[in-house]
Amino acid sequence: MAAAGQEEDQDQDAVGGQKTINHTFLSFSQITALSEQNVEGLQKKLAEFLNFKQLKTSLKEAILLDYYTAGFCWAKEMNFSLMQMSQYMDLLNFLLENLSDKHMALEDNIKELGRAMAGIGETDSDRSGNLDIFSIDQAKAIIDYMNISLFRLYKLYEYIFHSPREEHVISNEYIVELAPPAVTPFPAPSEEGTSDIYASLSASPIAADIEPKGSDQEGLLGEPSPEAESFEAGTVAVFTGEDQKLTVLPNPK
C-alpha cells in the first residue's frame, strides 16, 4: 500500500508539475529566535542550528552560512511574518539541495522554483503550490532575489559542492638570531663581517687590557682615591682669580 501511495503521489507530481518542499529545515522556534537577533547574532545562531563547526577552515560552511544569513536578512527587510520566513527558508534550502544533492542543472532548478510558486494568488486549492501564504508581489520579489543570489552564482555553488579540492597547509618557519650578551670588549660582528678577524681581536693582548678587571670596576664605581682628591685640590688652588680673568676676557688689540 505504501509503495502504491508513493507511485500515486509521483504521478500527481508529474501531472500537476508540483514539487513538495520539505518543511523541516528550521523549526518555528528557531525562526523565532533568529528574528530577534542582529546580523552578528544571526550568524552565530545559524551556525549553531546548522551545526557548522569549521567556519574558520571550511570554505563550504562559510559560503553556506553567508547564503542563509543573507536570505534571512532579506526576508526581515521584506517584513515577512514568522510563518512566511519559515516557508521562505525552506525554499532556500530546497533549491540549494536540488543543486548539491540532486546535481540539478540551472534550468531545471528554475523550473522547480516556478512549480513551487504555482497558483499563488489563486483561490483554487488544487492549483496552489507550497508557498500560497505569499502574495503575488512577494512571490515576484522572491523570484528576483533568487535570481541575484543563487541562480546568478550557480556555477560557484556547483564548484563548491561537486569539485574536489586539495587542502593545502601553508606555514612559515623563521629562525631569529638574538644578539649575545655584552661580555666581550668588542661588539659581535654583523652577518657580513668576518668572524676570523673578530676572533683574533678578541684574543689579542689589547682586548685583554681593555676589558676591566673586577677590582678595577669596583674602583671606578666606588669612591675616588686620596691621590685623586689631592690632585684635584691642588689644581683648583693653582688656578687663581687672575687666571680666570685672562681666560674669560679677550686680549686687547
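Here a student asks how some labels on this predicted model are earned.

Reader: Why is Asn 109 called buried?

Author: Buried means under 20% relative accessible area. Asn 109 has 0%, so Asn 109 counts as buried. Asn 109 lies in helix H6, residues 106-116.

Reader: What makes the link between Leu 95 and the side chain of Asn 109 a polar contact?

Author: A polar contact needs a pair of N or O atoms within 3.5 Å, one able to donate a hydrogen and the other to accept it. Here the backbone oxygen of Leu 95 lies 2.9 Å from a polar atom of the Asn 109 side chain. Beyond four places in sequence, Asn 109 also touches other residues, among them Asn 98, Leu 150 and Tyr 154.

Reader: Is Asn 93 buried or exposed, and how do you know?

Author: The cut-off for buried is under 20%. Asn 93 has a relative accessible area of 11%, so Asn 93 is buried. Asn 93 sits in helix H5. Leaving aside neighbours within four places in sequence, Asn 93 is in contact with Phe 25 and Tyr 68.

Reader: Why is Met 83 called partly exposed?

Author: Partly exposed falls between the 20% and 50% cut-offs. Met 83 has 42%, so the label fits. Met 83 is in helix H5, residues 82-100. With Phe 28 and Ile 133, Met 83 makes a nonpolar surface patch of about 250 Å².

Reader: Where is confidence lowest, and where is it highest?

Author: The lowest is helix H1, residues 2-16, with a mean pLDDT of 40. The highest is helix H7, residues 136-151, at 93. Over residues 1-18, pLDDT stays under 50. For the protein, the mean is 74.

Notes. Residues numbered from 1 in each chain as written. Predicted model: local features only at pLDDT ≥ 70, side-chain atom pairs only at ≥ 80, totals over all residues. Heavy atoms only, no water. Patch = residues over 30% accessible without salt bridge, like charges linked within 9 Å, V, L, I, M, F, W, Y side chains within 5 Å. Areas by Shrake-Rupley, 256 points an atom, 1.4 Å probe, with all protein chains shown as cover. Salt bridge = Lys/Arg side-chain N within 4 Å of Asp/Glu carboxyl O. Helix = DSSP H or I, 4+ residues; strand = E, 2+ residues; numbered from the N terminus. Buried < 20%, exposed > 50% of the residue type's maximum accessible area, 1.4 Å probe, protein only. pLDDT = per-residue confidence, 0-100. Contact = heavy atoms within 4.5 Å.
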